[in-house]
Amino acid sequence: MHRQAIGIDIGGSSIKAAVVDLSRGSLVGERRSVPSPAMSAVSEMMDAMAAVVPDGAGILPAGVTFPGVVVGGTVHTAANVAKAWIGQPLAKPAALKLKRTVVVINDADAAGLAEVNFGAARDVRGTVLVLSLGTGIGSALFVDGRLVPNTELGHVEIDGMEAEARASGRARMERKLDWPAYISELELVVNRLHSLFWPNLIVLCGGITADHPHLCDDLKCPAPLKLGALRADAGIVGAAFATTLDQGVWFEQAKVAGK
């Protein structure tokens with residue numbers, strides 16, 4: 001396994017990147033960030049990605065997250081970004097633009113990889129569910145450390161509403177939920193997902209957890225709950241770690257030598 005890789009985390013508001021030490025799951029040097037053109041043309045996204053590649057990164061491979069389903073390096077859904085991304089190859093254009101091998105993976109799956117390999121779910125056997133609570137609700141499901149890719153559980157319908165329409169950060173603002181009301185909605189979502197998968201551990205990460213470090217204490221659920229340990233770096237670390245994997249339908253055709 002190579003010792004370092006670049007992690008590039010594409011979000012709705014920003015694109016962040018850093019070199020990652022893959023033996024420790026930690027950033028090497030500073031994290032770079034630029035505004036995200038997720039609602040703009042593909043070419044603008046490529047330019048933004050190139051702008052955040054750290055100086056002196058040489059020919060290190062890059063892992064790239066995307067907020068949607070990714071299969072074979074191609075985007076298949078775009079819930080919170082421009083619909084023009086649906087059906088758009090991302091790995092090959094990124095490899096050509098960045099002049100390096102690129103792997104593309106769903107953003108929540110990347111955060112989950114980081115937490116399972118370096119963070120709150122490290123060495124946990126059985127079923128682990130990672131939920132990212134941000135603009136939407138991302139999910140990553142693991143069985144004995146192996147990722148079940150592209151689960152998209154934020155779109156599961158719960159009593160007539162999608163999970164993320166109930167309990168995402170955007171839903172909280174749009175529905176003007178105070179904290180007890182929001183906890184009630186999130187608890188409904190977490191427990192419904194628990195009833196479907198009976199995980200041994202649920203890890204909560206994303207922007208809401210950064211603002212509310214005692215979130216797990218407020219929720220009642222049969223499964224143990226933990227906050228993600230890598231916080232804002234989870235996507236970057238998980239994206240970089242994805243470059244070390246040698247199987248997975250979401251990216252196995254996406255490793256492209258950009259030369």
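Trainee: Where does Pro199 sit in this model?
Mentor: Pro199 is in the loop between H6 and S13. Keep in mind that the model is predicted.

Trainee: Is Pro199 buried or exposed, and how do you know?
Mentor: Its relative accessibility is 6%. Buried means under 20%. Pro199 therefore counts as buried.

Trainee: Which residues is Pro199 in contact with, beyond its neighbours in sequence?
Mentor: Leave aside those within four places in sequence. Pro199 is then in contact with Thr127, Leu129, His194 and Ala223. The cut-off for contact is heavy atoms within 4.5 Å.

Trainee: How far is Pro199 from Trp179?
Mentor: They are 20 residues apart along the chain, and their C-alpha atoms are separated by 26 Å.

Trainee: Let's take the sheet that holds S13. What is its strand order?
Mentor: The order is S10-S9-S8-S13-S14, in an open sheet of 5 strands with mixed pairing.

Trainee: What makes S10 and S14 edge strands?
Mentor: Strand S10 (146-148) and strand S14 (225-227) each pair on one side only. From one strand to the next, the twist averages 25°.

Trainee: How do you know that S8 and S13 pair, and in which sense do they run?
Mentor: Pairing needs at least two bridges. Strand S8 (residues 127-133) is joined to strand S13 (residues 201-205) by 5 bridges, so the two count as paired. They run parallel. As one bridge, take Ser132, whose partner in S13 is Cys205.

Trainee: Which strands does H6 touch?
Mentor: Helix H6 (residues 179-197) packs on the sheet and touches S8, S9, S13 and S14. The direction of H6 makes about 150° with that of S8.

Trainee: And which strands does H3 lie across?
Mentor: Helix H3 (residues 107-118) lies across S8, strand S9 (137-143), S10 and S13. H3 runs at about 45° to S9.

Trainee: Now the loops. What stands out in the phi of Asp123?
Mentor: Phi is positive, about 70°, although Asp123 is not a glycine. Asp123 is in the loop between H3 and S8.

Trainee: Why is Asp123 called exposed?
Mentor: Its relative accessible area is 69%. Exposed means over 50%, so the label fits.

Trainee: Asp144 has a positive phi as well. What is it called by accessibility, and why?
Mentor: Phi of Asp144 is near 50°, and this residue is in the loop between S9 and S10. Its relative accessibility is 40%. Partly exposed covers the range between 20% and 50%. Asp144 therefore counts as partly exposed.

Trainee: On to the other sheet. What is its strand order?
Mentor: The order is S3-S2-S1-S4-S7, again an open sheet of 5 strands with mixed pairing.

Trainee: What puts S3 and S7 at the edges?
Mentor: S3 and strand S7 (102-106) each have a single partner strand, so one side of each is left without a neighbour in the sheet. The twist averages 20° from one strand to the next.

Trainee: In which sense do S1 and S4 pair?
Mentor: They pair in the parallel sense, over 4 bridges. Gly7 stands opposite Gly63 in S4.

Trainee: Which residues of H1 are buried?
Mentor: In helix H1 (residues 42-52), Met45, Met46, Ala48, Met49 and Val52 are buried.

Trainee: How do you know that they line one face?
Mentor: Look down the axis of H1. The buried residues fall within an arc of 165°, so they line one face of the helix. Their cover includes strand S1 (4-10), strand S2 (14-21), strand S3 (26-35), strand S4 (62-66) and helix H2 (91-98).

Trainee: Is H1 called parallel, perpendicular or oblique to H2, and why?
Mentor: Their angle is about 50°, with the axes 10 Å apart. Under 35 degrees is roughly parallel, and 65 to 115 is roughly perpendicular. The value lies in neither range, so H1 is oblique to H2. The crossing is right-handed.

Trainee: Which residues meet there?
Mentor: From H1, Met46, Asp47, Met49 and Ala50 meet Pro93, Ala94, Lys97 and Leu98 in H2.

Trainee: What about H3 and H9: how are they oriented to each other?
Mentor: Their axes come within 7 Å and cross at roughly 85°. That falls in the range 65 to 115, so H3 and H9 are roughly perpendicular to each other. H9 itself (residues 234-242) lies across S1, S2, S3, S4 and S7, at about 130° to S1.

Notes: Residues numbered from 1 in each chain as written. Predicted model: local features only at pLDDT ≥ 70, side-chain atom pairs only at ≥ 80, totals over all residues. Heavy atoms only, no water. Axes fitted to C-alpha atoms, helices over the stretch in contact; angles between N-to-C directions. Buried < 20%, exposed > 50% of the residue type's maximum accessible area, 1.4 Å probe, protein only. Arc of directions from axis to C-beta. Parallel < 35°, antiparallel > 145°, perpendicular 65-115°, else oblique. Left-handed = near helix turned anticlockwise from the far one by under 90°.
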